[in-house]
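Here is a friendly walk through one protein chain, written for someone meeting it for the first time. Take a look at the sequence and the structure, then read on.

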Amino acid sequence: LLHAALASFSSSSSSSSAGRLSTIVSHLSSVEPPQPPSPFKQGASEPAKELRKINRAEVARHCSKEDAWIIIGNLVIDASQFAPRHPGGEPALLAFAGKDATLEYSLIHEPEMLTKHGSDCIVGTLSDA
């Protein structure tokens, strides 16, 4: 697009070309840059579902690669489907399967990341926080 605009600019008269170039620059400056895809499943911004109360003993039973629940703050997340796409690597996430990863999570991630981008992974709230 830019190459065609510049070719048009150089082959036209300077006043009409300057107008076209001004239009192109204006358009390009108003275009939002593409956002990288989220590693979370699509639909993370859907309305919140009713979350059930889950205790630490139940979370501890979900400690395998195929069934990995993790505590972050007062939230319980199912990281099973997300683990292979985790930007920090699957082992970093699965090391906390069935456990509390609040401290480690807070050292690396912004507080709102999980609720903003990973709400589809949240299965409940911790009942014995």
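## A first look around

Let's start with a single residue: histidine 86 sits in the loop between E3 and helix H4 (90-94). Keep in mind that this is a predicted model. Is histidine 86 buried or exposed? Histidine 86 is buried, because its relative accessible area is 14% and the cut-off for buried is under 20%. Leaving aside residues up to four places away in sequence, histidine 86 touches Ala92, Leu93 and His109.

Now step back to the whole chain. Its secondary structure comes to six helices and four strands. Reading along the sequence, you meet them in the pattern α-α-β-α-β-β-α-α-α-β. The chain has 129 residues, and 26% of them count as buried. It exposes about 8500 Å², with carbon and sulfur atoms supplying 60% of that. Among contacts with a separation of 6 or more, 67% are between residues 24 or more positions apart.

## Strand E4 and its partners

Strand E4 covers residues 122-126 and is mostly covered, with four of its five residues buried. Which strands does E4 pair with? One partner is strand E1 (residues 52-54), which runs parallel to E4 and is joined to it by three bridges. Another is strand E3 (residues 75-78), which runs antiparallel to E4, again with three bridges.

Threonine 125 is a handy residue for seeing both pairings. It is found in strand E4. Lysine 53 has threonine 125 as its bridge partner in E4, and leucine 75 stands opposite threonine 125 as well. With a relative accessible area of 13%, threonine 125 is buried. Not counting residues up to four places away in sequence, threonine 125 touches Leu51, Arg52, Lys53, Ile54, Asn74, Leu75 and Val76.

## The nonpolar cores

In soluble globular proteins, nonpolar side chains tend to be buried together. How many residues does the largest nonpolar core have here? It has 13, and the ones with the most contacts inside it are Ile70, Ile72, Ile77, Ala79, Leu93 and Leu114. Strand E2 (69-72) and E3 each supply at least two residues of this core. Apart from it lies another core, of six residues, including Ile54, Val59, Trp69 and Leu126.

Two of the names in the largest core are worth following. Leu93 is one of them, and Leu93 is also touched by histidine 86, the loop residue we began with. Leucine 114 is another; not counting residues up to four places away in sequence, leucine 114 touches Ile72, Leu75, Ile77, Tyr105 and Ser119.

Some nonpolar side chains are found at the surface instead. Leu103, Leu107 and Ile108 make a nonpolar surface patch of about 380 Å². Leucine 107 belongs to helix H5 (residues 102-108) and is exposed, with a relative accessible area of 67%.

## Three salt bridges

Side chains of opposite charge can pair when their charged atoms come close. In this chain the count comes to three salt bridges. Here they are, with the N to O distances:

| Acidic residue | Basic residue | N to O distance |
|---|---|---|
| Glutamate 58 | Arginine 52 | 2.8 Å |
| Aspartate 100 | Arginine 56 | 3.4 Å |
| Glutamate 90 | Lysine 65 | 3.8 Å |

How covered are the two members of the pair between glutamate 58 and arginine 52? Glutamate 58 counts as buried, at 17% relative accessibility, whereas arginine 52 is partly exposed, at 41%. Arginine 52 has also turned up before, among the residues that threonine 125 touches.

The salt bridge between aspartate 100 and arginine 56 links distant parts of the chain: aspartate 100 is in the loop between H4 and H5, arginine 56 is in helix H3 (residues 56-60), and they are 44 residues apart. Aspartate 100 is partly exposed, with a relative accessible area of 31%, and arginine 56 is partly exposed at 33%.

That leaves glutamate 90 and lysine 65, whose side chains meet in a salt bridge. Glutamate 90 lies in helix H4 and lysine 65 in the loop between H3 and E2, so this pair ties together parts that are 25 residues apart in sequence. Glutamate 90 is partly exposed, with a relative accessible area of 22%, and lysine 65 is partly exposed, with 47%.

Methods. Residues numbered from 1 in each chain as written. Predicted model: local features only at pLDDT ≥ 70, side-chain atom pairs only at ≥ 80, totals over all residues. Heavy atoms only, no water. Buried < 20%, exposed > 50% of the residue type's maximum accessible area, 1.4 Å probe, protein only. Pairing = 2+ DSSP bridges. Contact = heavy atoms within 4.5 Å. Patch = residues over 30% accessible without salt bridge, like charges linked within 9 Å, V, L, I, M, F, W, Y side chains within 5 Å. Areas by Shrake-Rupley, 256 points an atom, 1.4 Å probe, with all protein chains shown as cover. Salt bridge = Lys/Arg side-chain N within 4 Å of Asp/Glu carboxyl O. Core = buried A, V, L, I, M, F, W, Y, C linked by side-chain atoms within 4.5 Å.
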